[in-house]
Amino acid sequence: MRPYFFGIVLTASLGGILRLLILRSDYRQYPTYPHGYISHLSMGFVAAALGAVAWPALLEEEFVAVTFLAMAAQQFREIRNLERESLASLDIIELVPRGRHYIEGIARTFEARNYIIIACTLTLSAIDLTFLQSQTIFLRIVILGVVTVLIYFFINFVFPDKRLEDLADIRLGKVHFQGPNVFVDDIHFMNIGLEEAKEEYLNKALGLVIEPKDIDASATLANPGQRQAVIHICAKLLGVYKDVDTPEFTPLMRRHIKSGNLGVLIIPGSGDPQALIAAVKRSPVLEGAMAKPSKSFAGREREDYHDTPR
Amino acid sequence: MTPLDKVILATVVLVEASQYVISGGSGPVYVAKDVKEQQQIAMYLSRITGGMVHDMENGMLIIVRH
């Protein structure tokens with residue numbers, strides 16, 4: 001195994017660095033989480049090491065080594081369960097919960113990223129062993145480093161974070177009351193019985209109207225899990241005006257049944273409307289909420305279907 | 001999210017509206033002498049139970065756990 005040693009260490013390290021790079025790109029899901037960082041990084045290194053070992057193992061005709069990949073897959077699935085469970089148990093006592101959809105999305109992403117790392121280090125070690133064996137160590141490091149950076153950009157290109165602004169137009173709406181019922185423009189939110197709470201809403205609340213661009217966007221945004229995620233992000237980023245005993249200040253995202261438009265109603269900690277719009281625009285579109293009725297024949301037969309997004 | 005998760009914890013009625021209450025049903029019924037007292041009772045009940053106050057617009061406030 002001696003001839004492969006340097007190659008394995010090099011590709012595994014590069015894989016670990018790659019994991020760090022793609023971990024950094026999703027800080028939004030984990031604002032402050034040093035120990036989470038460490039556990040995901042170390043799993044990333046394990047994945048990288050597996051990917052780095054696989055090719056040399058095949059060259060040595062050690063086919064049993066492939067079974068290790070299956071074992072690793074099992075481990076990574078476990079990571080997903082752990083991630084889901086720990087987030088879900090914390091979620092119960094959040095002021096504004098993430099919601100199951102968001103948690104599932106985070107857990108799925110973390111599992112999948114380990115597989116991505118395996119695939120990448122496999123590619124790296126294949127390149128190393130096929131083309132770079134006769135080169136100097138320095139050249140191997142430089143070339144594989146460049147390939148790693150290319151892979152990083154490729155990953156970002158293939159798995160782009162879809163944002164809410166890709167699906168919908170977002171604008172400010174007017175918060176107003178009809179009797180005890182609070183509305184943003186024409187979207188009804190809830191019935192508020194306390195006069196005190198009504199005044200707070202009239203003075204401090206911000207309302208947004210979100211207009212889906214097409215039927216796919218409309219179906220995706222209708223998903224309650226997606227909506228909860230948006231609300232959670234708004235509350236996280238703008239601060240929330242609420243405590244455990246004031247459910248009437250819970251931020252909400254509601255749907256106008258007739259038009260399919262959505263409304264966001266929140267009393268933010270800081271009342272800057274532009275910050276709220278920015279937060280909503282940059283909210284992730286969850287994989288689990290994504291719907292594409294326009295890809296079906298029935299969907300295209302719908303009268304609200306447009307060939308191009310409006 | 002099922003409707004059965006939502007429980008009416010209490011009802012606060014004005015004296016004039018107390019005719020609407022036939023029996024207690026689920027949760028106790030509190031009778032308030034005026035709107036101010038009604039708001040006060042409802043606010044306390046809401047804070048204590050963590051329930052949300054809804055206005056039935058007929059002199060009745062209900063506190064609901066969502």
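Here are some exercises with worked solutions on the structure above, which is a predicted model.

**Exercise 1. Getting to know chain A**

Work out how many helices and strands chain A has, and what percentage of its residues are buried.

*Solution.* Start with the elements: chain A holds 11 helices and 7 strands. Next, look at the overall extent. Along the principal axes, the C-alpha atoms of chain A fill a box of roughly 80 × 45 × 30 Å. Last, the burial: of the 310 residues in chain A, 48% are buried.

**Exercise 2. Strand order in a sheet of chain A**

One open sheet of chain A has 4 strands. Find their order, then say which strands stand at the edges and why one side of each has no neighbour.

*Solution.* Step one is the order, which reads E1-E5-E7-E6, with antiparallel pairing. Step two is the edges: E1 (168–173) and E6 (252–255) of chain A each have a single partner strand, so each has one side without a neighbour in the sheet. From one strand to the next, the twist averages 20°.

Step three is a closer look at one pair. E1(A) runs antiparallel to E5(A), residues 206–212, and the two share 6 bridges. You can pick out A:Ala168 opposite A:Pro212 in E5(A).

**Exercise 3. Two hairpins around one strand**

Take strand E3 of chain A, residues 181–184. Which strands pair with E3(A), and in what sense?

*Solution.* Go through the partners one at a time.

1. E2(A), residues 175–178, pairs with E3(A) in the antiparallel sense over 4 bridges. In this pair, A:Val175 sits opposite A:Val184. The two strands make a hairpin with 2 residues between them, and A:Gly179 in the turn has a positive phi of about 65°.
2. E4(A), residues 187–191, also pairs with E3(A) in the antiparallel sense over 4 bridges. Here A:Val184 has A:Ile187 as its bridge partner. This is a hairpin too, with 2 residues between the strands, and A:Asp185 in the turn has a positive phi of about 50°.

Now for the side chains. In a regular strand, side chains alternate between the two faces of the sheet. In E3(A), A:Asn181 and A:Phe183 point one way, while A:Val182 and A:Val184 point the other way, and all are buried.

Finish with A:Asn181. Its relative accessibility is 18%, so it counts as buried, the cut-off being under 20%. Its side chain makes a polar contact of 3.2 Å with the side chain of A:His188.

**Exercise 4. An enclosed helix**

Decide how far helix H8 of chain A, residues 215–222, is enclosed by the rest of the structure, and find what caps its N-terminal end.

*Solution.* First count the buried residues: 7 of the 8 are buried, so H8(A) is largely enclosed by the rest of the structure. The buried ones are A:Ile215, A:Asp216, A:Ala217, A:Ser218, A:Thr220, A:Leu221 and A:Ala222. Then check the N-terminal end. The cap is A:Asp214, with a side-chain oxygen 3.3 Å from the backbone nitrogen of A:Asp216.

**Exercise 5. Looking into a cavity**

Find which residues line the second largest cavity, and which helix gives the largest share of the lining.

*Solution.* A quick reminder of the idea: rolling a probe the size of a water molecule over the atoms shows where empty space is left. The whole structure has 2 cavities of 30 Å³ or more, and the second largest has a volume of about 30 Å³.

Next, list the lining: A:Tyr4, A:Gly7, A:Ile8, A:Pro56, A:Ser125, A:Asp128 and A:Leu129. Sorted by type, these give 4 nonpolar, 2 polar and 1 charged. Helix H1 (5–24) and helix H4 (100–131) of chain A each supply at least two lining residues. The largest share, 3 residues, comes from H4(A).

**Exercise 6. Over to chain B**

Find the strand order of the open sheet in chain B and its edge strands.

*Solution.* The 4 strands come in the order E2-E1-E4-E3, with mixed pairing. E2 (29–32) and E3 (52–55) of chain B are at the edges, each with a single partner strand, so one side of each lacks a neighbour in the sheet. Neighbouring strands here are turned by 25° against each other on average, direction ignored.

For one pair in detail, take E1(B), residues 7–14: this strand pairs with E2(B) in the parallel sense over 4 bridges. Opposite B:Val29 in E2(B) you will find B:Thr11.

Definitions and conventions:
Residues are numbered from 1 along each chain as its sequence is written. Chains are lettered from A and ligands numbered from 1 in the order in which they are written. This is a predicted model: local features need pLDDT of at least 70, side-chain atom pairs count only at pLDDT 80 or more; totals for chains, interfaces and linings use all residues. Side-chain values use heavy atoms; hydrogens and water are left out. Two strands pair if DSSP finds at least two bridges between them. Axes are lines fitted to C-alpha atoms, for helices over the stretch in contact, and angles run from 0 to 180 degrees between N-to-C directions. Buried means under 20% relative accessible area, exposed over 50%, partly exposed in between (1.4 Å probe, protein chains only). A polar contact is a pair of N or O atoms within 3.5 Å; within protein, one must be able to donate a hydrogen and the other to accept it, and residues adjacent in sequence count only if both atoms are side-chain atoms. On a 1 Å grid over the protein atoms alone, a cavity is a set of points where a 1.4 Å probe fits but cannot get out, and a pocket is an open set with protein on both sides within 12 Å along at least five of seven lines; lining residues have an atom within 4 Å of a point. Grid points are joined across faces, edges and corners, and a volume is the space filled by probe spheres set on the points. Ala, Val, Leu, Ile, Met, Phe, Trp, Tyr, Cys and Pro count as nonpolar, Asp, Glu, Lys and Arg as charged, and the others, Gly among them, as polar.
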